[in-house]
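Reader: I would like to learn how to read the arrangement of chains and helices in a model of this kind. Could you take me through it step by step?

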Protein chains: 2
Amino acid sequence: MADPPERPVSDPDEEIMRATYRALREYGYADLTIKRIAEEYGKTTAAVHYHYDTKEDLLAAFLDFLLGQFRDAVHEVETTDPEQRLTLLLDKLLVDPEDHQNLLIAMLEMRSQAPYKDTFSERFEQNDEYIRYMLKTVIDQGIEEGVFNDVDAEHTARTLMTIVDGARTRTVVLDDTDVLATARESADEYVTAVLLREDG
Amino acid sequence: MADPPERPVSDPDEEIMRATYRALREYGYADLTIKRIAEEYGKTTAAVHYHYDTKEDLLAAFLDFLLGQFRDAVHEVETTDPEQRLTLLLDKLLVDPEDHQNLLIAMLEMRSQAPYKDTFSERFEQNDEYIRYMLKTVIDQGIEEGVFNDVDAEHTARTLMTIVDGARTRTVVLDDTDVLATARESADEYVTAVLLREDG
């Protein structure tokens, strides 16, 4: 979460999002308050409420922010080789460079509230659709270039996201640090078996 | 959830568990109260509290009850053929005969609380271990009989449970009824590719 070095952070929305990120990691979803976000932000609760009416509005914006972060990370992937590109996408989805356990816990709490909060479910559906679209695009590209078998790219993308979501849930519920590495291996096995297998 | 025909339900614990099941499906986790469970049970809250001190105790017992239900269902699987047995296990884990959406929602809420409630996390870990053990046993049996490739059975079981948990989460978060069928297909593809592929 280091700021890009080329420009100072001066956008209040982005500062509040970074403060929310820190507060969620520290306190979790159930104990998250506007007051705690304001403390991380270094300003008053009024300053936060000036931008976001309710905690739910703020958290909806936070989910948009996380997707934006993911998009930025993905745009850094410069290779156009489909196999390498798919590997790097799966790395970003399943390899955890920092200690994000508390964020994953807070995210699962928000996910479990999706059936009750439209602002959450809309974001989760949109995020999922975006990532599936990225996976499908690289798979279609590989099929076109003849390096991947002629599979149902949409189904393959859904399978990979099922593995990703399973790993995210299991990391939180089972408190097992090997879960993400196991799932990364499972995703590789699936890709090798379904996309790369010689018999097509 | 039909009662076994050979004996009437007379165990109060089991009756309370069935009442909890109905109350969870109707009201969800957040709105579940001992009062609502008592209403489903057809007795007073005192009658429920006589058996369970707190809602958390009751829900911990409910998780044990669900695992018991799953064990009973699994013991009905009579085949000893490893490939058929694995198929039937995956059917039980991923094919949803009734409309269980509300139960899945309540379960995901409980799962998201595992990091905060030891009584929940213990049960979820124990459930997962039990089901992985069942999967591993049938995979090992298939390897021994020469019908499955000589894979790491523990890893294969973990992969299958990652797909199962991913499907459970996605069904709730994305409100997409195809999720379980997609995951069932993904699990089959994985089994075919990894366990049954000719080259081993």
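Author: What follows is a short dialogue on the relation of the copies, their contact and a pair of packed helices. Please keep in mind that this is a predicted model.

Reader: By what turn and what shift can chain A be laid on chain B?

Author: Two copies of a chain are related by a rotation about an axis and a shift along it. Here a turn of 180° with a shift of 0.0 Å along the axis lays chain A on chain B with an RMSD of 0.0 Å, which is the relation of a two-fold axis. In chain A, the C-alpha of Gly166(A) is the one nearest the axis, at 1.7 Å from it, and 100% of the contact residues of chain A recur in chain B, the same surface serving both copies.

Reader: How many residues of each chain are in contact, and which helices of chain A supply them?

Author: In this model 32 residues of chain A are in contact with 32 residues of chain B. On the side of chain A that touches chain B, helices H6, H7, H8 and H9 each supply at least two residues, and the largest share, 13 residues, comes from H8(A). The residues of that side divide into 14 nonpolar, 9 polar and 9 charged.

Reader: At what angle do H1 and H2 of chain A pack?

Author: Two packed helices are described by the angle between their axes and the distance between the axes. For H1 and H2 of chain A the angle is about 120° and the axes are 8 Å apart, so H1(A) and H2(A) are oblique to each other. H1(A) passes H2(A) in a right-handed crossing, and the contact includes Ala19(A) and Ala23(A) of H1(A) and Ile37(A) of H2(A).

Conventions:
Residues are numbered from 1 along each chain as its sequence is written. Chains are lettered from A and ligands numbered from 1 in the order in which they are written. This is a predicted model: local features need pLDDT of at least 70, side-chain atom pairs count only at pLDDT 80 or more; totals for chains, interfaces and linings use all residues. Two residues are in contact if their C-beta atoms, placed from the backbone, lie within 7 Å. Helices (H or I, at least four residues) and strands (E, at least two) are DSSP runs, numbered from the N terminus. Ala, Val, Leu, Ile, Met, Phe, Trp, Tyr, Cys and Pro count as nonpolar, Asp, Glu, Lys and Arg as charged, and the others, Gly among them, as polar. Copies are superposed by least squares on the C-alpha atoms of residues with pLDDT of at least 70 in both. Axes are lines fitted to C-alpha atoms, for helices over the stretch in contact, and angles run from 0 to 180 degrees between N-to-C directions. Angles under 35 degrees count as roughly parallel, over 145 as roughly antiparallel, 65 to 115 as roughly perpendicular and the rest as oblique. A crossing is left-handed if the near helix is turned anticlockwise from the far one by less than a right angle, and right-handed if clockwise.
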